[in-house]
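Here are two short exercises on reading strand order and pairing. Have the viewer open and try each task before reading its solution.

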Amino acid sequence: MHALRAFWAITWRELLRFVHQRGRFVAALVRPLVWLFIFAAGFRATLGIAVTPPYQTYILYEEYITPGLTGMILLFNGMQSSLSMVYDREMGSMRVLLTAPLPRWYLLSCKLLASTFVSALQAYVFLAIAWAYGVQPPPLGYLKALPALILGGLMLGALGMLLSSFIRQLENFAGVMNFVIFPMFFLSTALYPLWRLQESSPLLATLASYNPFSQAVELIRFALYGQIHLYALLYTSVSMAAFLLLAVWGYHPARGLTAARRG
Amino acid sequence: MRLVTAILIYFSATALADTVLVSLEKDNALAIVDGQSLSLIQTIKIGRRPRDIKLSPDLAKIYVAASDDDAIQVLDARTYQVLGTLPSGKDPETFAIDPKGERLYASNEDDNQVTVIDLNSSQAIKTIPVGVEPEGIAVSPDGRWVVSTSETTNMVHWIDPVTLEVAHNTLVDPRPRAATFTPDGKQLWVTSEIGGTLTILDTASKETVKKLKFSIPGVNQTLVQPVGVLVDQNRRYGYVALGPANRVAVIDAQKLEVIDYLLTGKRVWQMAFTHDGKMLFTTNGASHDITAIDTQKLKPIKSIAVGHYPWGVAVKP
């Protein structure tokens, strides 16, 4: 009961933060939309076409990058929530939260789930706009994409949480941007299929295939077209578990970097 | 009893599924695709450089223009055995069969003529001189007119099948490539490869009713080269294959307006409907596949690799 109340409180706080920061909501949507409307239109002809699963026929570039841009929302939100945790820690509300008489892993998981729900909501708003723009996966795909969005969101959120346990100050977020978000996004299958990367650089293609973000994107892509990508599912799940464990470890007062810093 | 039921189910199932026949220009072969599962079943070696492919009106025979063999091959539609050849003249590319299945009209690009073949005797009965480089050819549904389009003269030649003479000419846009009558016979649709247009002519007056220009956002205009053209049985939609633009234009066949462009494989060339008209198949020469389009939703649903340079397509019920 107590645990449930804590979960609601955290989710409520996350939702409130989300609703109150309307700018953030718009920004989170504008980013992928700019990619969809401008970048994709510009690159429509240059990327070439080939039929690759889960697609059964030729598709426009817009259609290819839509799952990738959905992943982008999860990625940025995952990192943004890590930013908010750094903020919370600086402001002291994190300390209040972590002193609640509940296991730390539980509180962190609640926080993670709450921010993932918000991400999934944004992802659906984006998918709705993309639908109106002409990117129309099968209707059932939208339902099937939900677990993929949640899992992908949890994995990226856990990564953000792990990173936030390392970041001491808000200002360091720019570093996260440069060293985590951009490489993860560009070195993935979000913008170009693996075979296309393979043509230009086998090394980059290999790195991209090991990028957990790629696997999350592929998981969403296949789910959106009604299919389950087993490898991506396993890869994302294992990555999520690993990031979460490390994050919980990182937030433990006696262990992890919090302790190291204090010392 | 159970065996009889099994056989009945088997035959009713095969009767329902259409078979898609695709000529492969570079493989000298015929690809056979199952219209239900949308998968390649087998490939059969036929004459050299097969291009246009059509079924006889009684659906018993398949005719294939084997361009490099200077003949039209006749195949059994069930067994795919070559039954014989027809004297089409040099380098046959496209041909049309009259609705009764009595005559076949083949265009001879190099000789600037149309060869008329009697299908009962398998003999050429006449060669009709037309414009330079005849390409598209069609017979009206009532059998009243045979039209031939000449690529260099840029004309539609209206041939009277009774006298076997050119009775009328209509000037159209550069390089008229293909022609088809609407199923009601009232209009003739002609594509111009260089003009990048579709000209719609009135059969009765032989005058232009409307000219449609194709332009696709993000695609260079020089790539828009209309080739194959088809109109559905109810004259609801017409379809024009746009060659290297890799799109099929969908036209509202009543309002005569372009309503959509559907993405296909590379260099989309010819098309054929399934028997019920619910699906349209396109041959995509440069990407070596065919694309199945759902004509209800106007959505390409699957592209199937068939072999090198698919050119023509016919659907056997």
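What follows is a pair of exercises with worked solutions, and the model they use is predicted.

**Exercise 1**

Take the open sheet of chain B that contains β1, and work out which strands stand at its edges and why one side of each is left without a neighbour.

Solution.

1. Start with the order: this open sheet has 4 strands, arranged β3-β2-β1-β28 in chain B, and the pairing is antiparallel.
2. Go to the ends of that order. In chain B, β3 (39-45) and β28 (310-316) each have a single partner strand, so one side of each is without a neighbour in the sheet.
3. Now look at the twist: on average, neighbouring strands here are turned by 25 degrees against each other, direction ignored.
4. Zoom in on one pair. β2 of chain B, residues 29-34, runs antiparallel to β3(B), with 6 bridges joining them.
5. To find a residue pair, pick B:Val33; its bridge partner in β3(B) is B:Leu40.

**Exercise 2**

For the open sheet of chain B with β13 in it, find the edge strands and the residue opposite B:Asp160.

Solution.

1. The order reads β12-β13-β14-β15 in chain B, an open sheet of 4 strands with antiparallel pairing.
2. Pairing on one side only marks the edge strands, β12 (134-139) and β15 (165-171) of chain B.
3. The average turn between neighbouring strands of this sheet is 25 degrees, direction ignored.
4. β14 of chain B (residues 155-160) pairs with β15(B) over 6 bridges in the antiparallel sense.
5. Opposite B:Asp160, in β15(B), you will find B:Glu165.

Definitions and conventions
Residues numbered from 1 in each chain as written. Chains lettered and ligands numbered in written order. Predicted model: local features only at pLDDT ≥ 70, side-chain atom pairs only at ≥ 80, totals over all residues. Pairing = 2+ DSSP bridges. Helix = DSSP H or I, 4+ residues; strand = E, 2+ residues; numbered from the N terminus. Axes fitted to C-alpha atoms, helices over the stretch in contact; angles between N-to-C directions.
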